Amino acid sequence: MFGLEVVRLTGLGAGTVYPILRRLERAGWLEARLEQREEEAPSDARPPRVYYRIDPKSLRGVQSRVAEHDAKRRATDSSVRGLKPVEGTW
């Protein structure tokens with residue numbers, strides 16, 4: 001999948017998506033490959049695309065981290081919902 005596809009699928013801005021993709025690549029979770037213009041899109045007037053790929057081993061790690069994050073968020077959300085405001089603090 002190339003970067004603009006990720007932007008379109010997530011609904012996030014390019015200024016959000018591309019830095020995340022670069023960080024994930026540096027962390028070794030994604031592989032990036034620059035499009036070979038002559039072979040893949042010789043007639044396009046656009047810059048070459050960067051294609052991103054996640055291997056199955058990394059995908060399992062990502063899924064595990066996302067599940068951990070979701071569990072922590074749910075625990076925090078339920079804790080915050082149980083709080084009562086203290087009068088006169090603001």
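Colleague: What separation, in helical turns, do D70 and R73 have in helix α4?

Modeller: This is a predicted model, in which local features need pLDDT of at least 70 and side-chain atom pairs count only at pLDDT 80 or more, whereas totals for chains, interfaces and linings use all residues. Residues are numbered from 1 along each chain as its sequence is written, and side-chain values use heavy atoms, with hydrogens and water left out. Because D70 and R73 lie 3 residues apart in helix α4 (helices, H or I of at least four residues, and strands, E of at least two, are DSSP runs numbered from the N terminus), their separation is about one helical turn.

Colleague: How far apart are the closest N and O atoms of D70 and R73?

Modeller: The two residues form a salt bridge, that is, a side-chain nitrogen of Lys or Arg within 4 Å of a carboxyl oxygen of Asp or Glu. D70 is partly exposed at 25% relative accessible area and R73 at 39% (buried is under 20%, exposed over 50%, partly exposed in between, with a 1.4 Å probe and protein chains only). Their closest N and O atoms are apart by 3.7 Å.

Colleague: Which residue pairs with E31 in a salt bridge?

Modeller: E31, in strand β1 (residues 31-34), has its partner in strand β2, 22 residues away, and the pair thus links distant parts of the chain. E31 is partly exposed at 42% and its partner at 44%, and the closest N and O atoms are 3.3 Å apart. The partner is R53.

Colleague: Which residues of helix α1 (residues 3-10) are exposed?

Modeller: The buried residues of α1 are G3, V6 and V7, which line one face of the helix because they fall within an arc of 100° seen down its axis, taken from the directions from the helix axis to the C-beta atoms. On the other side of α1, the exposed residues are R8 and L9.
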